[in-house]
Amino acid sequence: MSAVLHLDDLRVPVETGGGSRKARLTIEADGSLRLRAAEDVATDELRQFLASKREWVYRKLAEKEVLQHEPVTKELVDGEGFLYLGRSYRLKLAEGAGAVRLDRGRLVLPSSLAPTGEAHLIAWYQRCGEMWLRPRVRSWAERLRVEPGVIEVADLGHRWGSANGGRRVRIHWATLQLSPQLVDYVVAHELAHLREAHHGPAFWQVLARAMPDYDERKRKLAQRGARLWFGGTL
Ligand SMILES: [Zn+2]
């Protein structure tokens, strides 16, 4: 039996042995999946079992708000694709100086920045992201009746966003690769935390009032989020 199965992009290591014949799928605290089964269960049977758990897995991962993915790496060469607000842009290495920018449908990386291209691309997501988010945050804040302080786009490790008692709202730069609909979900979710710190029923009620289809967006986020770039170049 192969030691690792896959559910879409998710890796699922299989552990065999133990007393129970019934397969058991668990999600660890860090969002990793593990499948336990008796030695004599056929791989096909386990695959089917796993497939039947798809919805459950994505729902759970969305609840945990963790990202579980095979890391996506980029090559900083002409034609490499980068997502911004749900659209794909090809990278173009250009002679000369200047800043990273979108120009006629291309994401332009000046050659003077190429040696540290990754950092410059991430800085570009942060810069554009902060500008794009400002009016967005304002309008969701109104709907949620909260008054956020500073909005920052930063590297938040494996969290999409964070909000704290100091009213500072932070959004991961990688979030800006998602469609506006899903970025809005992250924004509204974090703003809702300014009213309810924890993910109890009150929290989801606050969010649902401002964003009735939040649940669907949350599920999409768990799926699409797994395919984003979080830094890392070849
Ligand atoms: Zn949350």
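**Exercise 1. In which sense do strand E7 (residues 87-94) and E9 pair, and over how many bridges?**

Solution. The model is predicted.

Step 1. Take the E7 pairing. E7 and E9 run in the parallel sense and share 5 bridges. Within E9, valine 108 has lysine 92 opposite it.

Step 2. Turn to strand E8 (residues 101-103). E8 pairs with E9 in the antiparallel sense, over 3 bridges. Here aspartate 103 faces arginine 106 of E9.

Step 3. Look at the turn. The hairpin of E8 and E9 has 2 residues between its strands. Arginine 104 takes a positive phi there, near 45°.

Step 4. Check the cover. Strand E9 spans residues 106-110, and 4 of its 5 residues are buried. E9 is thus mostly covered.

**Exercise 2. Work out which residues coordinate the zinc ion, and place them on the chain.**

Solution.

Step 1. List the donors. His189, His193 and His199 each coordinate the zinc ion through NE2. The distances are 2.0 to 2.1 Å.

Step 2. Read the spacing. Along the chain the donors follow H-x3-H-x5-H.

Step 3. Place two of them. Histidine 189 belongs to helix H4 (residues 180-192). Histidine 199 sits in the loop between H4 and helix H5 (201-210). These two are 10 residues apart, and the pair links distant parts of the chain.

Step 4. Compare exposure. The cut-off for buried is under 20% relative accessible area. Histidine 189 has 2%, so it is buried. Histidine 199 has 34% relative accessibility and therefore counts as partly exposed.

**Exercise 3. Derive the strand order of the open sheet that contains E10, and find what packs on it.**

Solution.

Step 1. Set the order. This open sheet has 3 strands, ordered E10-E12-E11, with mixed pairing.

Step 2. Find the edges. Strand E10 (151-154) and strand E11 (161-163) each have a single partner strand, so one side of each lacks a neighbour in the sheet.

Step 3. Get the twist. Neighbouring strands here are turned by 15° against each other on average, with direction ignored.

Step 4. Examine one pair. E10 and strand E12 (residues 169-172) are parallel, with 4 bridges. Alanine 154 stands opposite histidine 172 in E12.

Step 5. Add the helices. Helix H3 (residues 117-144) packs on the sheet and touches E10 and E12. The direction of H3 makes about 150° with that of E10. H4 lies across E11 and E12, at about 150° to E12. H4 is also the helix that holds the zinc donor histidine 189.

**Exercise 4. Identify the residues that line the second largest cavity.**

Solution.

Step 1. Count the cavities. The structure holds 2 of 30 Å³ or more. The second largest contains about 30 Å³ of space.

Step 2. Name the lining. Arg59, Ala62, Asp215, Lys218 and Arg219 line this cavity.

Step 3. Assign them to helices. Helix H2 (54-64) and helix H6 (214-224) each give at least two lining residues. H6 supplies the largest share, with 3 residues.

**Exercise 5. Summarise the whole protein in numbers: helices and strands, box, burial and contacts.**

Solution.

Step 1. Count elements. The protein has 6 helices and 13 strands.

Step 2. Take the box. Along the principal axes, the C-alpha atoms fill roughly 65 × 45 × 25 Å.

Step 3. Take the burial. Of the 234 residues, 42% are buried.

Step 4. Take the contacts. Consider those between residues at least 6 apart in sequence: 51% join residues at least 24 apart.

Terms used:
Residues numbered from 1 in each chain as written. Predicted model: local features only at pLDDT ≥ 70, side-chain atom pairs only at ≥ 80, totals over all residues. Heavy atoms only, no water. Donors = N, O, S within 2.8 Å, 3.2 Å for Na, K, Ca; no water. Buried < 20%, exposed > 50% of the residue type's maximum accessible area, 1.4 Å probe, protein only. Pairing = 2+ DSSP bridges. Axes fitted to C-alpha atoms, helices over the stretch in contact; angles between N-to-C directions. Contact = heavy atoms within 4.5 Å. 1 Å grid on protein atoms, 1.4 Å probe; cavity = no way out; pocket = protein on both sides within 12 Å on 5 of 7 lines; lining within 4 Å. Points joined across faces, edges and corners; volume = space filled by probe spheres on them.
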